[in-house]
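Please open the model in a viewer and keep the selection panel at hand. The tour below proceeds by selections, each followed by a description of what is found there.

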Amino acid sequence: MTVAQNPALRSLVCLRCGARHRVADLPRGCPACLAGGTPANVACVYEPAKGASGVQLPYTVPFTLGEGRTPLLRADNDLDVDLRLKWEGANPTGSHKDRFSALAVARALHAGYRAVAAASSGNAGVSLAAYCGRAGLGCEIAVTDDIPERVATLMRDLGAHVVSFPRAAARWRHLAAHVGSPTVLPVTNFQLPPVGSSAFGIEGYKTLAAEILTDLAGAWPDWVVVPTSRGDLAWGMYLGFREVCGERPVPRLCLVEPYPRVSAVLDGADPHGDFPGATAVMPSLGGNSVALQAVEAVRRSGGRAQVVDDDTVTAETHRLWRTGLPLEPSSAAALVAVADARVSGAIEPGSLVVAVATAHGLKGM
Ligand SMILES: [Zn+2]
């Protein structure tokens, strides 16, 4: 299976210090920033494409499962906003992660790896399992012992090798052991402070941003609301908006989290600190650390962060299911954030708001 690298892909750039790096796998991010104790992810740098519309991607995906081109639905509401729902549950394995997997797996194939490894107890693991299977690569998913059995079964049924650990830290150590391997490529974060996931995979989220602007046909979103853990999706969408918008301002991003992390950093907390908190219903948004890419997605878009609570998200999830929208609670969180931000005045009446409904609820997460 032949994967081609985009000839316009020139280098990688550190999103903190701006250093350029040759195109390579940097799962710990920028080496200079890592050495300085301030880890930061990198992003792809392309030569401008002459006359091209849309966004550039680093690799072709000949093994596509049909990811992307998901619907933008109108969402009735009593909030006095024009609310649209980008329904990422319509992707092949039911989540936005398919856009990431397509590019992360393409990178692995192009660079000659035989397998991809990831730490995930949910959508990312299921998605990577499917895309690795499709591409003929091995797939190892490091999970925690409390993973829902039906999710672990899905990963195994899709051909992944599932290894389980009592705590997240242990699976990160397991993943870190693959760094430098010529055969196994780790594509999700495994270190503290976190950098985030594969820069090549994150490029896949640029298409999500571009689709929103295309589907709105000239209307401009005042806010794009994005459920967030370590900010892979928000940062990738920012990159997409930036590329499409050129010199114009990008839509403001509102990052949704189950307890203060990004919002604490925006209020002055040490970004490398520990952010205590837990969520029983939003496992996709868990974690007690902050990646710089999440903060940068907010700062560079002029955005904000919104904390939502388990009980309200649970109630909203039930309401959405009864209206034919089977979102997982981590996705319904985006709609709760819209409502909370309207009540506080952060989102003004009459705004055009796009909420990213990241994943289908049928996995039972
Ligand atoms: Zn750097």
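The stops that follow cover the nonpolar cores, one helix and one loop residue of this predicted model.

**The main core**

Begin by selecting Met-155, Val-224 and Met-237, the residues with the most contacts inside the largest nonpolar core, which has 83 residues. Add helix H8, residues 232–245, next: with eight residues, H8 gives the most to this core. Colouring by domain is useful here, since at least three residues of the core come from each of domain 1 (72–92 + 201–357) and domain 2 (97–197).

Now centre the view on Met-155. Which residues are in contact with Met-155, once neighbours within four places in sequence are left aside? They are Ser-120, Ser-121, Gly-122, Gly-125, Val-126, Ala-129, Ile-141, Val-143, Ile-147, Ala-160 and Val-162.

**The other core**

Select Ala-75, Trp-87, Leu-285 and Leu-320, which are among the 29 residues of another core, lying apart from the 83-residue one. Leu-320 also belongs to the next stop, as one of the buried residues of helix H11.

**Helix H11**

Select residues 310–322. The 13 residues of H11 reach 19 Å from the first C-alpha to the last, close to the 18 Å expected at 1.5 Å a residue. Within H11, show the side chains of Asp-310, Val-313, Glu-316, Thr-317 and Leu-320, which are buried. Viewed down the axis of H11, the buried residues fall within an arc of 125°, so they line one face of the helix. An α-helix has 3.6 residues a turn, so residues three or four places apart point the same way.

Rotate to the face turned away from this buried side, where Asp-311 and Arg-322 are exposed. Then display helix H12 (329–344), which is included in what covers the buried residues of H11.

Both ends of H11 merit a selection. At the N-terminal end, Asp-309 acts as a cap, with a side-chain oxygen 3.1 Å from the backbone nitrogen of Asp-311. Just after H11, Gly-324 adopts a positive phi of about 85°.

**Glu-47**

Finally, select Glu-47, in the loop between strand S3 (42–46) and strand S4 (72–74). Is Glu-47 buried, partly exposed or exposed? Its relative accessibility is 37%, so Glu-47 counts as partly exposed, the range for that class lying between 20% and 50%.

Residues up to four places away in sequence aside, Glu-47 touches Ala-8, Arg-10 and Gln-56. With Arg-10 there is a polar contact between the two side chains, at 2.9 Å. Lastly, pick the C-alpha atoms of Glu-47 and Leu-9: 38 residues apart along the chain, they are separated by 6.6 Å.

Technical notes. Residues numbered from 1 in each chain as written. Predicted model: local features only at pLDDT ≥ 70, side-chain atom pairs only at ≥ 80, totals over all residues. Heavy atoms only, no water. Core = buried A, V, L, I, M, F, W, Y, C linked by side-chain atoms within 4.5 Å. Buried < 20%, exposed > 50% of the residue type's maximum accessible area, 1.4 Å probe, protein only. Helix = DSSP H or I, 4+ residues; strand = E, 2+ residues; numbered from the N terminus. Domains from an automatic or database assignment. Contact = heavy atoms within 4.5 Å. Expected span 1.5 Å × (residues − 1). Arc of directions from axis to C-beta. Polar contact = N/O pair within 3.5 Å; in protein donor to acceptor, adjacent residues only side chain to side chain.
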